[in-house]
Amino acid sequence: METYPPTSAIVLAGGQSRRLGHDKRRLRLWGEAGPLLLEHVVDLLGQVCDEVIAVLNDAPEWVSLPARLVPDAYADGGSLGGIYSGLRAAQYSYALVVACDMPFLNLDLLRAMLARPRDYDVLAPEALEAGTTRNQLGLETLHAIYGQGCLAPMRATLDQGRRQIAAFFPQVRVATIAPDEVRRYDPQGRSFLNVNTPEQAAEATSWLERGA
């Protein structure tokens, strides 16, 4: 079994769920007896990281969540602001960052990323298909590891009013995970799938019911 240095985990859980129509953090994709989606993600990250931080702005509603609850430091900072807020609060110098709406996170892939030598500031998988990420670099920036060396460039980017996560990447050391390595652990590439719409929620539920 590979080992790696103590690492924080950050779950971005402050989105508005506009496309879904209700709070996606509270989806029960595993049935009424199963966990909420946010509970599932926090529990999974707790299996590979030494602390779990949830960045959200309604902490009183999540007091039973087994995570440190941290508010957004930037009211309109988007995902970049959420990463910055969590990384600033993190106990350890590197943090694994994911979104709260990723039901198919793969423990083996996460462990492989965590075991990489930490000669980077950002470690992100390359997208398995072109055009599926919001950044021109084609990187899965919400399934990535960030070091605290990113904090100053992140803050400068946010203070300029820029919100794209990859906007600060030219200022730091970026390493990537190639698609072939991702597929070694996650052949179908579902790790990066988000649940943003009712259709995606129904599809995810169907996959889970079939064990697909």
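Trainee: Which residue in β6 does L123 stand opposite?

Mentor: L123 stands opposite I145 in β6. Keep in mind that this model is predicted.

Trainee: What makes β5 and β6 a strand pair?

Mentor: Two strands pair if there are at least two bridges between them. Strand β5, residues 122-125, and β6 have two bridges. So the cut-off of at least two bridges is met. The sense of this pairing is antiparallel.

Trainee: What is the order of the strands in the sheet?

Mentor: Seven strands run in the order β3-β2-β1-β4-β6-β5-β7. The sheet is open, and its pairing is mixed.

Trainee: Why do β3 and β7 stand at the edges?

Mentor: Each has a single partner strand, so one side of each is left without a neighbour in the sheet. From one strand to the next, the twist averages 25°.

Trainee: Which strands does helix α1 touch?

Mentor: Helix α1, residues 37-46, packs on the sheet and touches β1, β2 and β4. Its direction makes about 165° with that of β1. Helix α3, residues 107-114, also packs on the sheet. That helix touches β4, β5, β6 and β7, and its direction makes about 25° with that of β6.

Trainee: How many aromatic pairs does the structure hold?

Mentor: Five.

Trainee: Why is the pair of Y146 and F168 called tilted?

Mentor: Look at the planes. They stand at 40°, and the ring centres are 6.5 Å apart. Planes under 30 degrees apart count as stacked, and over 60 as edge-to-face; the rest are tilted, so a value between these limits gets that name.

Trainee: What parts does this pair tie together?

Mentor: Y146 lies in strand β6, and F168 lies in the loop between α4 and β7. These parts are 22 residues apart in sequence, so the pair ties them together.

Trainee: Is Y146 buried or exposed, and how do you know?

Mentor: Buried means under 20% relative accessible area. Y146 has 0%, so Y146 is buried. F168 also has 0% and counts as buried.

Trainee: What makes Y146 and F169 a tilted pair?

Mentor: Their planes are 50° apart, with 6.5 Å from centre to centre. Y146 and F169 are 23 residues apart, and F169 sits in the loop between α4 and β7. F169 is buried, as is Y146. Together, Y146, F168 and F169 form one aromatic cluster.

Trainee: How do you know that the charge of R26 sits over the ring of W62?

Mentor: The distance limit is 6 Å from the ring centre. The charged end of R26 is 4.2 Å from the centre of the W62 ring. So the distance passes; the direction must also lie within 35 degrees of the ring normal.

Technical notes. Residues are numbered from 1 along each chain as its sequence is written. This is a predicted model: local features need pLDDT of at least 70, side-chain atom pairs count only at pLDDT 80 or more; totals for chains, interfaces and linings use all residues. Side-chain values use heavy atoms; hydrogens and water are left out. Rings of Phe, Tyr and Trp (its six-membered ring) pair if their centres lie within 6.5 Å; planes under 30 degrees apart count as stacked, over 60 as edge-to-face and the rest as tilted. Helices (H or I, at least four residues) and strands (E, at least two) are DSSP runs, numbered from the N terminus. Buried means under 20% relative accessible area, exposed over 50%, partly exposed in between (1.4 Å probe, protein chains only). Axes are lines fitted to C-alpha atoms, for helices over the stretch in contact, and angles run from 0 to 180 degrees between N-to-C directions. Contact means heavy atoms within 4.5 Å.
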